Amino acid sequence: MQLLRFARYRRMPWKNGGGITREIAAFPEGADLADFEWRISMADVASDGPFSRFEGVDRTLCVLEGSIELTLQGGKAVVLDPNSAPLGFPADEDVVARLPGGPVRDFNVMTRREAAKHRVESLEINGKIVLNREAKTLAIVCASGSVVLSGSGGEAKLEALDCLLFDRDSVDSVHAEGRGRLIVARIL
């Protein structure tokens, strides 16, 4: 179990140079944008423009703050806000973002197709819930509010934008208690 605080996420430029991302975690440790098997990050999107392309990678995006309109390859437009379900799409296709209401903060999970898969869900919590790991790696991000998470590895309090990462066989289930929204990413 590893507690990762928002203020300590590694800041780095986008692959296409259009902004800054905060890398929460990547595997293998120390991997760069060309050789990660999986990567979890947050980005502050300040202007309209294309997403970075990642060959052989699948991506899921959740909006944490603001509203974004994505035009996917083939011309399909999708509008996402904090209440939207996570959107998965191939990261090696052209995607263009438009910000109708100004800057946006988003959450991204990317997996290299030849190495891993992932599943992402957004959950409102108002009280207590139990989350099953069901994955090699489980990442739980507090998108809003404050939540206490506990499992066999101990207990941790997450404030907005903090992450708790469970590797491999560290827990079977996690108990969550509090109020807010959680983004749960499972690396399969």
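Thr 137 is buried in this predicted model, because its relative accessibility of 2% falls under the 20% limit. The residue belongs to strand β13. Its C-alpha atom lies 5.7 Å from that of Phe 166. Along the chain, Thr 137 and Phe 166 are 29 residues apart.

Strand β13, which spans residues 137–151, also contributes to the largest nonpolar core. This core holds 22 residues. Ile 24, Met 42, Phe 107 and Ile 183 touch the most other members. Several strands supply two or more residues each. They are β3 (20–27), β4 (38–45), β6, β11, β13, β15 (163–167) and β16 (173–187). A second core lies apart from this one and has 17 residues. Ile 68, Val 78, Leu 99 and Val 104 are among them.

The surroundings of Phe 107 were examined with neighbours within four places in sequence left aside. Its contacts include Ile 24, Met 42 and Ile 183, which are also listed with Phe 107 as touching the most other core members. Further contacts of Phe 107 include Ile 40, Leu 61, Cys 62, Leu 64, Val 141 and Ala 185. Ser 41 and Thr 60 are in contact with Phe 107 as well.

Charged pairs come next. Side chains of opposite charge can pair when their charged atoms come close. The model contains 15 salt bridges. One of them joins Arg 53 and Asp 94, with an N to O distance of 2.7 Å. Arg 53 sits in the loop between β5 (49–50) and β6 (57–65), and Asp 94 in the loop between β9 (87–90) and β10 (96–98), so the bridge ties together parts that are 41 residues apart in sequence. Asp 94 is partly exposed, at 44% relative accessible area. Arg 53 is partly exposed too, at 32%. Arg 53 also forms a salt bridge with Glu 55, at 3.3 Å from N to O. Glu 55 counts as exposed, because its relative accessibility of 52% is over the 50% limit.

Another salt bridge links Arg 105 and Glu 65, with the closest N and O atoms 3.6 Å apart. Arg 105 lies in strand β11 (residues 104–112) and Glu 65 in strand β6, so this pair ties together parts that are 40 residues apart in sequence. Arg 105 is buried, with a relative accessible area of 14%. Glu 65 is partly exposed, at 41%. The pair belongs to a network built from salt bridges that share partners. Its members are Arg 22, Asp 44, Glu 65 and Arg 105.

Two pockets were examined. The largest pocket encloses about 360 Å³ of space. Its lining consists of 19 residues. Gln 2, Ala 25, Ala 26, Glu 29 and Leu 165 lie nearest its centre. The elements giving two or more residues to this lining are β1 (2–4), β3 and β15. Strand β3 gives the most, with five residues. By class, the lining has nine nonpolar, three polar and seven charged residues.

The second largest pocket has a volume of about 280 Å³. Its lining comprises 25 residues. Nearest its centre are Trp 14, Ala 43, Phe 51, Ser 52 and Arg 59. Strands β2 (10–13), β4, β5, β6 and β11 each give two or more residues to this lining. The largest share, four residues, comes from β4. By class, 12 lining residues are nonpolar, eight are polar and five are charged.

Two backbone features complete the description. Most residues other than glycine have a negative phi, and most peptide bonds are trans. The peptide bond from Phe 27 to Pro 28, however, is cis, with omega near -5 degrees. Pro 28 is in the loop between β3 and β4. Leu 161 is not a glycine, yet has a positive phi of about 80 degrees. This leucine lies in the loop between β14 (154–159) and β15. Leu 161 is buried, at 6% relative accessibility.

Notes: Residues are numbered from 1 along each chain as its sequence is written. This is a predicted model: local features need pLDDT of at least 70, side-chain atom pairs count only at pLDDT 80 or more; totals for chains, interfaces and linings use all residues. Side-chain values use heavy atoms; hydrogens and water are left out. A salt bridge is a side-chain nitrogen of Lys or Arg within 4 Å of a carboxyl oxygen of Asp or Glu. Buried means under 20% relative accessible area, exposed over 50%, partly exposed in between (1.4 Å probe, protein chains only). A nonpolar core is a set of buried Ala, Val, Leu, Ile, Met, Phe, Trp, Tyr and Cys residues joined through side-chain atoms within 4.5 Å. Contact means heavy atoms within 4.5 Å. On a 1 Å grid over the protein atoms alone, a cavity is a set of points where a 1.4 Å probe fits but cannot get out, and a pocket is an open set with protein on both sides within 12 Å along at least five of seven lines; lining residues have an atom within 4 Å of a point. Grid points are joined across faces, edges and corners, and a volume is the space filled by probe spheres set on the points. Ala, Val, Leu, Ile, Met, Phe, Trp, Tyr, Cys and Pro count as nonpolar, Asp, Glu, Lys and Arg as charged, and the others, Gly among them, as polar.
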